[in-house]
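Ready for a short walk through a protein model? Open your viewer, switch to a cartoon view, and follow the stops below.

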Amino acid sequence: MTRDAGLPAAVPAAAAGSRSGKKAKTVLGESREIQLAIDLIRLGARLQLLETETQLSRDRLLKLYKELLGVSPPKGMLPFSTDWFLTWQPNIHASLFAGIHRQLMQHAGLDSVDALVKGYRLYLEQLPPEPGAEPVLSLTRAWTLVRFLNSSMLETARCRQCGGEFIVQPQRRQRFVCGLCRVPSRAGKTRKVLDARAGSTQPD
Ligand SMILES: [Zn+2]
């Protein structure tokens with residue numbers, strides 16, 4: 001998790017699906033932008049995400065953020081690299097979210113940012129965080145993931161054992177086996193959970 005901490009912003013500039021270019025000139029259009037920003041802030045969006053995905057000015061976004069959460073948003077660029085999405089537990093969470101997001105885009109006719117909001121809520125329902133803990137996949141990471149996929153910095157591959165779609169590095173689709181079918185030994189505690197769910201009776 002600390003691997004990507006010191007890296008410069010690795011978020012690709014290609015913002016496929018972003019709303020830049022569409023101006024919210026009408027009152028209704030602006031109220032939709034504000035509601036979108038509220039939804040995104042409540043789900044944990046960072047400022048860079050808000051600036052990219054809404055037409056509201058930085059000043060208005062800062063004000064809205066502070067009104068809603070009582071604090072200013074954290075400063076600085078997003079430090080995420082693709083590495084995080086390829087580690088074991090994050091990969092499972094990210095893959096689930098990516099599948100939901102793609103379904104919403106393809107079959108519900110949502111644009112990318114609406115699919116982000118609805119898809120992220122569905123992800124939280126499917127894999128809710130432990131009480132008092134943060135979700136494994138934050139909204140901002142989910143958004144970054146969509147950008148990485150759109151810019152082909154990450155791809156999805158079908159596991160040849162379970163048939164599920166998982167996030168992989170580019171060019172790694174051949175003979176892919178996912179982290180649930182081949183659980184690494186270091187997955188430790190979570191592996192016990194999986195074994196328990198699978199009905200394993202082996203003692204520790
Ligand atoms: Zn699998």
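**Stop one: helices 5 and 6**

Helix 5 makes a right-handed crossing as it passes helix 6. Keep in mind that this is a predicted model. To find the pair, select residues 112–126 for helix 5 and residues 139–150 for helix 6. Their axes lie 11 Å apart and the packing angle is about 135°. Angles over 145 degrees would count as roughly antiparallel, so helix 5 and helix 6 are oblique to each other.

Now show side chains. On helix 5, pick S112, L116 and Y120; they meet L139, A142, W143 and V146 of helix 6. Sorted by class, this contact of helix 5 with helix 6 has 6 nonpolar residues, 1 polar and no charged ones.

**Stop two: helix 4 against helix 6**

Keep helix 6 on screen and add helix 4, residues 88–107. Here the angle is about 70°, with the axes 10 Å apart. The range from 65 to 115 degrees counts as roughly perpendicular, and helix 4 and helix 6 are therefore roughly perpendicular to each other.

Which residues of helix 4 meet helix 6? Select A94, F97, A98 and H101, and across from them A142, L145, V146 and L149 in helix 6. The contact of helix 4 with helix 6 divides into 7 nonpolar residues, 1 polar and no charged. Look again at A142 and V146: they are among the helix 6 residues that meet helix 5, and they also meet helix 4.

**Stop three: helices 1 and 3**

Next, select residues 27–42 (helix 1) and residues 58–69 (helix 3). The two pack at about 55°, their axes 10 Å apart, which makes helix 1 oblique to helix 3. The crossing of helix 1 past helix 3 is right-handed. Light up A37, I38, I41 and R42 on helix 1, then L61, L64, Y65, L68 and L69 on helix 3, to see the contact. By class, the contact of helix 1 with helix 3 holds 8 nonpolar residues, no polar ones and 1 charged.

Stay with helix 3 for a moment. Its 12 residues reach 16 Å from first C-alpha to last, close to the 16 Å expected. Just after helix 3, click G70, which has a positive phi of about 80°.

**Last stop: the hairpin**

Finally, select residues 155–158 (strand 1) and 165–168 (strand 2). How do strand 1 and strand 2 run, parallel or antiparallel? They run antiparallel, joined by 4 bridges. Click E155 and look across to V168, its bridge partner in strand 2. The two strands form a hairpin with 6 residues between them, and G163 in the turn has a positive phi of about 80°.

How values were computed. Residues are numbered from 1 along each chain as its sequence is written. Axes are lines fitted to C-alpha atoms, for helices over the stretch in contact, and angles run from 0 to 180 degrees between N-to-C directions. Angles under 35 degrees count as roughly parallel, over 145 as roughly antiparallel, 65 to 115 as roughly perpendicular and the rest as oblique. A crossing is left-handed if the near helix is turned anticlockwise from the far one by less than a right angle, and right-handed if clockwise. Two residues are in contact if their C-beta atoms, placed from the backbone, lie within 7 Å. Ala, Val, Leu, Ile, Met, Phe, Trp, Tyr, Cys and Pro count as nonpolar, Asp, Glu, Lys and Arg as charged, and the others, Gly among them, as polar. The expected span of a helix is 1.5 Å times one less than its number of residues. Two strands pair if DSSP finds at least two bridges between them.
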